[in-house]
Amino acid sequence: MTDDTHLWDQLLTLHAHVESRLTQALQRGHGLGLSEFRALGHLAAAPDGELRMQELAGRLGLNQSSVTRLVGRLDSAGLAYRDLCPDDRRGVYAVLKDDGRDRLEAARGTYEQVLTTALDEAAGQHPGLRGLLGALRA
């Protein structure tokens, strides 16, 4: 196994561990999936709380169909909605609602706390990750 392969395997182990912890905490504590949380975060950071659907898809690493379903779930939950661009009827935007911003803010503390805990757990459970995490945090 090459050094790069070993490094990549370590990163995948870390990613899987952290994503699992974040998913559980956000779903249990706030009724949000991890992609939904991240979508709300991207919308909140965008000017006017809106992004073109394809831009949101790119930021989340999702395809168009997946982001359409995700925004549909956010819409059903009253957290965001889809809107047509007035200048270009083909342009569709995802727009953050006030309830979405409130849910994001309520969940942000959980996300940050669980992220730190999960990274610390991973370093403790997988000694090979200690050095990697130390370098990344530095």
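User: How many residues of strand β3 are buried?

Analyst: Keep in mind that this is a predicted model. A residue counts as buried when its relative accessible area is under 20%. In strand β3, residues 92-96, 5 of the 5 residues are buried, so the strand is mostly covered by that cut-off.

User: Which way do the residues of β3 point?

Analyst: Look at both sides of the strand. Val92, Ala94 and Leu96 point one way, while Tyr93 and Val95 point the other way, and all of them are buried.

User: Okay, what is the order of the strands in the sheet?

Analyst: Follow the pairing from strand to strand. Here you get β1-β3-β2, an open sheet of 3 strands with antiparallel pairing. Since β1 and β2 stand at the edges with a single partner strand each, one side of each is left without a neighbour in the sheet. From one strand to the next, the twist averages 25°.

User: How many bridges join β3 to β1 and to β2?

Analyst: Take each pair in turn. Strand β1 (residues 50-52) pairs with β3 over 3 bridges. There, Leu51 stands opposite Ala94, and Arg52 stands opposite Tyr93. Strand β2 (residues 80-84) pairs with β3 over 5 bridges, and Ala80 has Leu96 as its bridge partner.

User: Which strands does helix α3 lie across?

Analyst: Check the helix against each strand. Helix α3 (residues 53-60) lies across β1, β2 and β3, and runs at about 90° to β1.

User: And which strands does helix α2 touch?

Analyst: Helix α2 (residues 34-45) packs on the sheet and touches β1, β2 and β3. The direction of α2 makes about 90° with that of β3.

Methods:
Residues numbered from 1 in each chain as written. Predicted model: local features only at pLDDT ≥ 70, side-chain atom pairs only at ≥ 80, totals over all residues. Heavy atoms only, no water. Buried < 20%, exposed > 50% of the residue type's maximum accessible area, 1.4 Å probe, protein only. Helix = DSSP H or I, 4+ residues; strand = E, 2+ residues; numbered from the N terminus. Pairing = 2+ DSSP bridges. Axes fitted to C-alpha atoms, helices over the stretch in contact; angles between N-to-C directions. Contact = heavy atoms within 4.5 Å.
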